[in-house]
Amino acid sequence: MTNIRTNVLIYTEDIHAHGDPSHRAAYPISLHDGIASAFPEDRYNVRAAEFGNIRESITPDTLAETDVLFWWGHDHHADVPDDISKLIITEVQKGMGFVGLHSAHLSKPLTGLLGSSGTLSWRMSDKERIWTTAPFHPISQGIPEYFDLNDEEVYAEPFDIPTPEDTVFIGWFGGGEVFRAGVTYRRGYGKVFYFQPGHESFPTFYNPTIQQILRNAADWAKPTLRRNGLHCPNVKPM
Ligand code: ZN
């Protein structure tokens, strides 16, 4: 029987190595565990990649077996090797899905895919209300008109991204800031989703509504058609 589960690869940084108690309180096991807990084993095959083993865990072979790569990075954006970022961008152009989470707005793969700086305004922290602005979109199915997060890092406009294909969610914060919290793109044959919630000191990824969005994002972003390579074939006239 063929494996019909969606292959999800989750990249995180080893934030517990930093010893910050607020991180351990929000994610007693690991940030990976928080994100991975959104994906039941009967429908998803989840693997882990970390900054500490990035050369072994993100390779042409592991990406070829990946339907959707989730990327959570913060402290080590600049340390991600350029060749690995290029490998990811190429694989997206061939059809792999890419989901950038929270501080991935500055990551090499996402900024490389979008061709913009990914800069935004930020502060710590406040209540967030997330509005569903594209109720027709596959990523918002089962998500209410709006939902609240009691604590989340404030990310505010202006957010330097290209005009999205769809703005699925908009966040509003207690200080009056607004932010395009969930945006989609297509790059080559691949689909890209950026989603703003998920600061490491708040247990956002254990929130059931957030987990539904992560599953929806994986289901939407998995390849519909995947190219073997990126070529410009020389063709004969018909
Ligand atoms: Zn953060």
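Q: What makes the approach of Asn207 to Thr209 at the start of H7 a polar contact?
A: In this predicted model, a side-chain oxygen of Asn207 comes to within 2.8 Å of the backbone nitrogen of Thr209. The cut-off for a pair of N or O atoms is 3.5 Å, so this pair qualifies.

Q: How do you know that the span of helix H7 agrees with its number of residues?
A: H7 covers residues 208-221, and at 1.5 Å a residue its 14 residues should span 20 Å. The C-alpha atoms at its ends are 20 Å apart, so the two values agree.

Q: Why is H7 described as largely enclosed by the rest of the structure?
A: Because 10 of its 14 residues are buried. Among them are Ile210, Leu214, Arg215 and Trp220.

Q: What makes His102, Glu153 and His199 donors of the zinc ion?
A: Their atoms NE2, OE and ND1, respectively, lie at 2.0 to 2.1 Å from the zinc ion, and the cut-off is 2.8 Å, so they count as donors. Along the sequence, the spacing reads H-x50-E-x45-H. Glu153 belongs to strand E6, while His199 sits in the loop between strand E9 and H7, 46 residues apart.

Q: Why are Glu153 and His199 called buried?
A: Buried means under 20% relative accessible area. Glu153 has 7% and His199 has 9%, so both qualify.

Q: Which residues that hold the zinc ion also line the largest pocket?
A: His102, Glu153 and His199 are in its lining. The pocket has a volume of about 160 Å³, and its lining has 4 nonpolar, 7 polar and 1 charged residues.

Notes. Residues numbered from 1 in each chain as written. Predicted model: local features only at pLDDT ≥ 70, side-chain atom pairs only at ≥ 80, totals over all residues. Heavy atoms only, no water. Helix = DSSP H or I, 4+ residues; strand = E, 2+ residues; numbered from the N terminus. Expected span 1.5 Å × (residues − 1). Buried < 20%, exposed > 50% of the residue type's maximum accessible area, 1.4 Å probe, protein only. Polar contact = N/O pair within 3.5 Å; in protein donor to acceptor, adjacent residues only side chain to side chain. Donors = N, O, S within 2.8 Å, 3.2 Å for Na, K, Ca; no water. 1 Å grid on protein atoms, 1.4 Å probe; cavity = no way out; pocket = protein on both sides within 12 Å on 5 of 7 lines; lining within 4 Å. Points joined across faces, edges and corners; volume = space filled by probe spheres on them. Nonpolar A, V, L, I, M, F, W, Y, C, P; charged D, E, K, R; others polar.
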